[in-house]
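Grab your viewer and work through a few exercises on the model below. Each one comes with a solution that you can check step by step.

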Amino acid sequence: LTGFLAWMLLVSAFQVVHAKWGEMMEKGDRDICYYNERCYRPYLGYYDVSVNGIASNLPFMVHGAIVILSVSLSETSCYLKGHKRYDYSIPYSFGMAFIFEGFGSLLYHICPSQIIFQFDTLFMFVISQYIIIALVDGHAVRKHVYKDSHKLVGLRRKSIRSPKLFLFFLGPAYGFNFLGNLHYISPLPPAIAFFFFLFLGIWVFSILVWAAYKANLLPKSYFPPATINSDGATIDVEKSGTSSTFKLVSFGIYTVLVVLGFILVVMGKLVISIYILGELIVALLVMTAASFVFLLKDLWFTLTKVVRPNNKKYPIQYRFIIPTGIVLYLLCGVALAVVSLFFFVILENTDKSLPGWDSRELNKDCVMADFWDAHDLWHFFASHSLMMIVLVVIQMQKACRDCYIRYKEVQNPENFEAVATVKD
């Protein structure tokens, strides 16, 4: 589905981008495409585009290939171990989305402009939503469910399948993104604009309700929890997922941000591409942070409480080296993200919301090797940091159910530290 959607959209996008670039060449109007003229490197005079801007998207494709290679090695390991329950479709989709984000951004940099910007964000939507879906999918695999997930009553699983993702999330996001950008460039007739924002508001409200349901924040009397039949008994698989003050406060703050952003979009103060991408990024950051804390707590429990078959706990150095290494890895990813935002925001060299002649005043010289500008470096650092975070999210998704079962079996009560006399 990811590949089919990608090629369908990229072919259409190339037609639009090439038409805009051709218009610029025919008219000789450099205000149509928003280049950084002070660090503009055309292709040997044969193709009048910013080659450095296009080439800077190669890291997305390379990192996508790295993700696919990493996932294929994990899947091969599962196969060789004789595992039966594993599904790496979402992890593979991450790699594909990275590669196609590189192509989408490449097309955008042929003729950068506000109307073309929507093609640059296409697969950022996909990657962001895949992260959210992967975390939700991983959260759905709990100790009460991991062996008998096929017995869930009413198919009320907490995971999300591809058809739902494309039908209820990506499809509407793309549609609203396209129409919203058109409205930002050339306002739609009032009647059409009214219905556009009405349906956008209904969609945003529906997404918030869905998020509240997934977080177990809705009244149980109206939204009964998922149950599972096991050995003749009915088990509430969401019992361990009760609401907490932290979740309520976090969701409340997120709802306020989403509503404020929607108001700004209606007022024409915020581009809809930035709005949709922004709410996705905030959601995935909160979910990733919360899931990472849970992952560390579970790992710490295993390293400090579980007794191995040789009647010894894990060596004390394991208890600090492993968690510290994981935290440092994620901090490196966050640090790279901060550096990338510095190049993107502070050293901005174009502004698509301004007239072309005003945007040109923001142009800046190359910052590396007399070839790469700040926006190019934004691509380098952002791609690498996103790959690092995605590799962690793939582990949180628990793509190999049998691997997770083996890990949880180690935490059975009979393997816990029974007495304080057990020696390290």
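Of the contacts in the protein chain between residues at least 6 apart in sequence, 77% join residues at least 24 apart, where contact means heavy atoms within 4.5 Å. Before going further, note that this is a predicted model, where local features need pLDDT of at least 70, side-chain atom pairs count only at pLDDT 80 or more, and totals for chains, interfaces and linings use all residues. Numbering runs from 1 along each chain as its sequence is written, and side-chain values use heavy atoms, with hydrogens and water left out.

**Exercise 1. Take stock of the whole chain.**

Step 1: tally the secondary structure. You should get 13 helices and two strands, taking helices (H or I, at least four residues) and strands (E, at least two) as DSSP runs numbered from the N terminus.

Step 2: look at burial. The chain has 424 residues, and 45% of them count as buried; buried means under 20% relative accessible area, exposed over 50%, and partly exposed in between (1.4 Å probe, protein chains only).

Step 3: add the surface. The accessible surface is about 21900 Å², with 69% of that belonging to carbon and sulfur atoms. These areas come from the Shrake-Rupley method with a 1.4 Å probe, and for residues only the protein chains shown count as cover.

**Exercise 2. Find which residues form a nonpolar patch together with Val256.**

Step 1: start from Val256 itself, in helix α8 (residues 245-266). Its relative accessible area is 46%, so Val256 is partly exposed.

Step 2: apply the patch rule. Patches take residues with over 30% relative accessible area and no salt bridge, joining like charges within 9 Å and nonpolar side chains (Val, Leu, Ile, Met, Phe, Trp, Tyr) within 5 Å.

Step 3: collect the members. Val259, Leu260, Ile263, Leu264 and Met267 join Val256, and together the patch has about 510 Å² of accessible area.

**Exercise 3. Locate the largest cavity and say what lines it.**

Step 1: set up the search. Rolling a probe the size of a water molecule over the atoms shows where empty space is left. On a 1 Å grid over the protein atoms alone, a cavity is a set of points where a 1.4 Å probe fits but cannot get out, and lining residues have an atom within 4 Å of a point.

Step 2: count and size. There are two cavities of 30 Å³ or more, and the largest has a volume of about 60 Å³. Grid points are joined across faces, edges and corners, and the volume is the space filled by probe spheres set on the points.

Step 3: read off the lining. Among the residues around the largest cavity are Arg30, Tyr34, Tyr35, Glu37, Thr350, Ser359 and Asn363.

Step 4: zoom in on Thr350, in the loop between α10 (316-346) and α11. At 15% relative accessibility, Thr350 counts as buried. Beyond its neighbours within four places in sequence, its contacts include Tyr34, Tyr35, Ser359 and Asn363.

**Exercise 4. Trace the salt bridges around Arg30, Arg38 and Arg41.**

Step 1: recall the idea. Side chains of opposite charge can pair when their charged atoms come close. Here a salt bridge is a side-chain nitrogen of Lys or Arg within 4 Å of a carboxyl oxygen of Asp or Glu, and the structure holds six.

Step 2: take Arg30. Its side chain meets that of Glu37 in a salt bridge at 3.2 Å, N to O, and Arg30, Glu37 and Asp48 are linked in a network.

Step 3: go on to Arg38. Asp365 pairs with Arg38, the closest N and O atoms being 3.1 Å apart. Asp365 sits in the loop between α11 (356-359) and α12 (374-396) and Arg38 in the loop between α1 (2-27) and α2 (51-55), so the pair ties together parts 327 residues apart in sequence.

Step 4: finish with Arg41. Its partner is Asp370, again with the closest N and O atoms 3.1 Å apart. This pair links distant parts of the chain, 329 residues apart. Asp370 is exposed at 56% relative accessibility, whereas Arg41 is partly exposed at 23%.

**Exercise 5. Is Asn52 buried or exposed, and what does it touch?**

Step 1: place Asn52 in helix α2.

Step 2: check the area. Asn52 has 0% relative accessibility, so it counts as buried.

Step 3: list the contacts. Leaving aside neighbours within four places in sequence, Asn52 is in contact with Cys39, Arg41, Phe371, Trp372 and Asp376.

Technical notes: On a 1 Å grid over the protein atoms alone, a cavity is a set of points where a 1.4 Å probe fits but cannot get out, and a pocket is an open set with protein on both sides within 12 Å along at least five of seven lines; lining residues have an atom within 4 Å of a point.
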